[in-house]
Amino acid sequence: MDRKKKQEKHSGFRQMIMFVLHNMTIKHKLISIIMATCIVALLLAGTVFILWEWSTLRHTMAQNLSTQAEMIADNCKAAVAFEDAMDAKKTLGALKAETSIVFGGVYGKDGKLFAGYYKDNIGAGVQPSELQKDRYSFGEGFLTVFKPIVLDADTIGTVCLRSDLQPMYAMLKRNIKVIISLLFLASMAAYFVSSRLQRVISGPILSLAESAITIGKGELDHRVNIQSGDEIGHLASSFNEMTENLRKSTTSIDNLNREIAERKQVEE
Amino acid sequence: MKIKTYILFTVLLVGSPALADPTASREYQVKAAFLYNFIQFVDWPKEKMGDGNEPIIIGVIGKDPFGDAFDPIVDKEIHGKKLLVKRFMAFEELKKTGEKDKSLLDREIESLRKCHLLFICSSEDKSISEILNSVKDHSVLTIGEVQGFLEAGGIVNFVMEEKKVRFEISITAAKGAKLKIRSQLLRLAKRVVGEDSGKGNKNG
């Protein structure tokens, strides 16, 4: 029962489209084709651009955070070597300047937290559950970066920085909005241009159609005036030839009919 | 029965000193690690460091409190150089042996001067000035653990603060020994004496 209804809906939809397409003028068909092409192209370009930007943004963010982690690691080398947690905490305090960083931690060789920075005193919830080696990862709404603290080729600890992804998402959303606005603007421009340019094709065709009506009414002296070298121009010349032939044969038939009528009169 | 107990007691008492170096206390394990780490944050003049494979020498003079604390370090390398821990007898004893054999005294003092770091044990309290004098101008990083060590001319002095090992540094003495101490290390010092003494006493 359901499938039948769906099929009916689909064919009803299709019928509607067919009806619309069937009754569109050349002008509208042309404009629709051009607009459809433009919009598809713009959408594709926009999507690719957004994807590329998202990927680049992630990569840049990860690199920046990694660099910051390395700098922190270098600055608290001594603090870790001489077990001065207060000094390490001070070094981490500099992270306040970077508003997207929610957690910064220095871990000792044993993997235990040696000193920590929490943005706005968020609390230990933002700490990563386990230490990892030198790498970065996106997850749980954060970008997490680990960097080893190295003293003369010996790893004496690890630095972990965690950054909120909200700023990145906010920027992406902004960019998407801009691109969508651009899409609209470009579409409007496309509409404006296409509705002018479509006359190149539809003009001659309309003129031909009008001439056909005129000639159909009986004015066999009417000629189509299309000079272009393309197929429509050829169609116009053929049309004119056809009209000329029709005029000639009509004239001959008229002449014949007149002669017959005259001969009948003479016989009577 | 009683005799047996007495014998057992005596054996235990006598036996103890015969044991090998006792496991170093946590304090000296940390101090040994710090001595190793100091090397990373102090710059010796080129002549002292040398270009070749000469090892970096950590000297310990006096009654050695470290025991096996240096074990984790002796196999390590710094800047491609090996580490060597040299123990010296108490200065007073050195002088006594010197009275009998002057050349021995001279050789020992030469050895002392070759050290990059020299840890002066608390047992040498009375001889500090003499020791510091004999290694003067030889770019030796002198480290002590008694009060007034910096004032006597030493460069680094260990200080205990609530069971934590801290240290104080004398920039004047470091400059005198042509040693450059990195700022990362300086700012960890509990007290800095010298040209930067605008810092004076630091808390925590």
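Me: How much area is buried between chain A and chain B?
Reply: About 1400 Å², with carbon and sulfur atoms giving 49% of it. Buried area here is the accessible area (1.4 Å probe) that two parts lose on being put together, summed over both. Keep in mind that this is a predicted model, where local features need pLDDT of at least 70, side-chain atom pairs count only at pLDDT 80 or more, and totals for chains, interfaces and linings use all residues. Side-chain values use heavy atoms, without hydrogens or water, residues are numbered from 1 along each chain as its sequence is written, and chains are lettered from A and ligands numbered from 1 in the order written.

Me: Which three residues supply most on the chain A side?
Reply: A:F82, A:E83 and A:D152 supply 46% of the area chain A buries against chain B, more than any other three residues.

Me: And how many salt bridges between chain A and chain B?
Reply: Four, counting a side-chain nitrogen of Lys or Arg within 4 Å of a carboxyl oxygen of Asp or Glu. One salt bridge pairs A:D84 with B:R166, the closest N and O atoms being 3.4 Å apart.

Me: Switching topic: at what angle do α2 and α5 of chain A pack?
Reply: Helix α2 (residues 26-75) of chain A packs against helix α5 (residues 166-197) of chain A at about 160°, with axes 10 Å apart. So α2(A) is roughly antiparallel to α5(A) (angles over 145 degrees count as that, under 35 as roughly parallel, 65 to 115 as roughly perpendicular and the rest as oblique). Axes are lines fitted to C-alpha atoms, for helices over the stretch in contact, with angles from 0 to 180 degrees between N-to-C directions. Helices are DSSP runs (H or I, at least four residues), numbered from the N terminus.

Notes:
Helices (H or I, at least four residues) and strands (E, at least two) are DSSP runs, numbered from the N terminus.
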